[in-house]
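Let's take a walk through this fold, from its overall dimensions down to a few individual residues. Keep the viewer open as you read.

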Amino acid sequence: MTNAAFRVGVVMFPGMTQLDMTGPLEVLSAVPGWTVDLIGETLSPVRCARGFSFMPTVDFSNAPQYDLLVVPGGPGVDEAMLNRSLVAFVRDQAAHAAYVFGICTGSLLLAATGCLAGRRASCHWQAVEFLTHFGVVPSRQRMTIDGRFFTSGGVTAGIDMALKVVGEIVGVEAAQGIQLLLEYDPEPPYRAGTPDVAPAAVVERLTLASAQRKNNRLKAVLAASQAIGGTGTQPGGYPFF
């Protein structure tokens, strides 16, 4: 596909994880000819989960149809899934976008619109099981592509998938050039990036620390699932992100 006049829209909502947004944004905004909007429900600053704010460049009522819709995740997904205006906007955009890209628990927000029903999708490891309530097949892969839908695991996986998105749409060489420009060559100091490889004590500690979010996210998932005719029953598994 040509990259001329290709429009990317990044959805923002209160409580999003900033790296879910800014990591992929750094990659996608480096593609020549692509324009990127930061979309807010209004033009007021959007406060992320860490407490600082980002300014939208366009609001819902004035946003054009995007070729690529990008949906980050974060703790604020719990409320975002129940925001009728936000869910309707994402649903309408996703229905007509050529490509849709969900990062981390942004997959839950996409699922709450019904657009992932019957598809495979990745999500943060502490929330991936919740996808089943929306008729989505959970994938524990770091990156999952199902048709025009790209989804990634937690937070940093969004950078990987953003490069994959560029490679699929524009070409591998373009993606490689952006990766080199960013000097993206991860070499983490510890082998603890997934629950499969992290020390058991670290996994247990994080699980316990995250458990406080459980009730709120459970209620949000059940309510959002019921709104689109999902199961509305309690999941069996993971702590929350």
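## Ground rules and overall build

Helices and strands here are DSSP runs, at least four residues for a helix (H or I) and at least two for a strand (E), numbered from the N terminus. By that count, the chain holds 8 helices and 11 strands. Bear in mind that this is a predicted model.

How does the radius of gyration sit with that of a compact globule? The chain has 17 Å, which agrees with the value near 18 Å for a compact globule of 241 residues. Along the principal axes, the C-alpha atoms fill a box of roughly 45 × 45 × 35 Å. Buried residues account for 49% of the 241 residues. Of the contacts between residues at least 6 apart in sequence, 66% join residues at least 24 apart.

## The sheet

The strands to look for first form an open sheet of 7, in the order E5-E2-E1-E6-E7-E11-E10, with mixed pairing. Its edges are strand E5 (58-59) and strand E10 (143-146), each of which pairs on one side only. Helix H1 (residues 18-28) packs on this sheet, where it touches E1, strand E2 (34-40), E6 and strand E7 (99-102). The direction of H1 makes about 155 degrees with that of E2. Helix H3 (residues 84-96) lies across E1, E2, E6 and E7, and runs at about 145 degrees to E6.

Now for the pairing inside the sheet. E1 and E2 run parallel and are joined by 6 bridges, with Arg7 standing opposite Thr35 in E2. E1 also pairs with strand E6 (residues 68-71), in the parallel sense, over 3 bridges; there, Val8 stands opposite Leu68. E6 in turn runs parallel to E7, with 4 bridges between them, and Leu68 stands opposite Tyr99 in E7.

## Strands E1 and E6 up close

E1 is mostly covered, with 5 of its 6 residues buried. Phe6 belongs to this strand, which spans residues 6-11. Is Phe6 buried or exposed? Its relative accessibility is 2%, so Phe6 counts as buried, the cut-off being under 20%. Phe6 also gives a nice long-range pair: Asp67 is 61 residues away in sequence, yet the two C-alpha atoms are 6.2 Å apart in space.

In a regular strand, side chains alternate between the two faces of the sheet. E6 gives you a view of this: Leu68 and Val70 point one way, Leu69 and Val71 the other, and all of them are buried.

## The nonpolar core

Nonpolar side chains tend to be buried together in soluble globular proteins. Here, the largest nonpolar core has 71 residues, and those touching the most other members are Leu28, Trp34, Leu68, Met81, Phe101, Leu108 and Phe134. Helix H5 (residues 157-169) provides the largest share of this core, 7 residues.

## Two buried serines

Ser152 lies in strand E11 (residues 149-152). Its relative accessible area is 0%, so Ser152 is buried. What is Ser152 in contact with, leaving aside neighbours within four places in sequence? The list includes Phe101, Gly102, Ile103 and Cys104, along with Ser122, Cys123, Arg142 and Met161.

Ser210 sits in helix H7 (residues 200-210). With 6% relative accessibility, Ser210 counts as buried too. The side chain of Ser210 makes a polar contact with the side chain of Gln126, at 3.0 Å.

## Two positive phi values

Most residues other than glycine have a negative phi. Val155 has a positive one, near 50 degrees, and is found in the loop between E11 and H5. The relative accessibility of Val155 is 15%, so this residue counts as buried.

Glu183 is not a glycine either, and has a positive phi of about 50 degrees. You'll find Glu183 in the loop between helix H6 (172-181) and H7. Is Glu183 buried or exposed? The relative accessible area of Glu183 is 69%, and because exposed means over 50%, Glu183 is exposed.

Technical notes: Residues are numbered from 1 along each chain as its sequence is written. This is a predicted model: local features need pLDDT of at least 70, side-chain atom pairs count only at pLDDT 80 or more; totals for chains, interfaces and linings use all residues. Side-chain values use heavy atoms; hydrogens and water are left out. Buried means under 20% relative accessible area, exposed over 50%, partly exposed in between (1.4 Å probe, protein chains only). A polar contact is a pair of N or O atoms within 3.5 Å; within protein, one must be able to donate a hydrogen and the other to accept it, and residues adjacent in sequence count only if both atoms are side-chain atoms. A nonpolar core is a set of buried Ala, Val, Leu, Ile, Met, Phe, Trp, Tyr and Cys residues joined through side-chain atoms within 4.5 Å. Two strands pair if DSSP finds at least two bridges between them. Contact means heavy atoms within 4.5 Å. Axes are lines fitted to C-alpha atoms, for helices over the stretch in contact, and angles run from 0 to 180 degrees between N-to-C directions. The radius of gyration is taken over C-alpha atoms; the globule rule is 2.2 Å times the number of residues to the power 0.38.
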